[in-house]
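Hi,

Here is the structure I promised to pass on. Have a look at it first, and then read my notes below.

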Amino acid sequence: MEDCPYHTMKKRFPGYNSTDGFSPELLKERIVGDHITNYMNLLKDEDEERFLRQFSTTIKKEKANESYSASFLNANKIFAGDNFQ
């Protein structure tokens, strides 16, 4: 087990850090894709050229102003079935 590079990393997943512990809100933000929407908005405000380059496919599909939450929630419901809330 000592050869495993992840052995020293305790509880490494979104929504957890060693200072604050577990945050269900932060985990849900990652699960539903809010972090992508937040990043898109930040990039659009700070560096329009990079935003256009990085999200060109999304822009072409005219989905740049949409939230990813609905799509991610739908995908999670499909994978988890009735168990997903």
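First, a term you will need: a residue is called buried when its relative accessible area is under 20%, exposed when that area is over 50%, and partly exposed in between. Also keep in mind that this is a predicted model.

Let's try the term on K28. This lysine belongs to helix α1, which covers residues 24-31. Its relative accessible area is 48%, so K28 counts as partly exposed. If you want to find a residue from another part of the sequence, look for S69: it sits 41 residues away from K28 along the chain, yet the C-alpha atoms of K28 and S69 are 9.9 Å apart.

Now for E48, which lies in helix α3 (residues 48-54). Is E48 buried, exposed or partly exposed? With a relative accessible area of 44%, E48 is partly exposed, because that value falls between the two cut-offs. E48 also has company: together with D45, E46 and D47, it forms a patch of negative charge on the surface.

And the chain as a whole? There are five helices and two strands, and their order along the sequence is β-β-α-α-α-α-α. The chain has 85 residues, and 15% of them count as buried. About 7200 Å² of the chain is exposed, with carbon and sulfur atoms supplying 50% of that area. As for contacts with a separation of 6 or more, 37% of them are between residues 24 or more positions apart.

Have fun clicking around!

Cheers

Conventions
Residues numbered from 1 in each chain as written. Predicted model: local features only at pLDDT ≥ 70, side-chain atom pairs only at ≥ 80, totals over all residues. Heavy atoms only, no water. Helix = DSSP H or I, 4+ residues; strand = E, 2+ residues; numbered from the N terminus. Buried < 20%, exposed > 50% of the residue type's maximum accessible area, 1.4 Å probe, protein only. Contact = heavy atoms within 4.5 Å. Areas by Shrake-Rupley, 256 points an atom, 1.4 Å probe, with all protein chains shown as cover. Patch = residues over 30% accessible without salt bridge, like charges linked within 9 Å, V, L, I, M, F, W, Y side chains within 5 Å. Salt bridge = Lys/Arg side-chain N within 4 Å of Asp/Glu carboxyl O. Lys, Arg positive; Asp, Glu negative; His and termini not counted. Charge placed at Lys NZ, Arg CZ, Asp CG, Glu CD.
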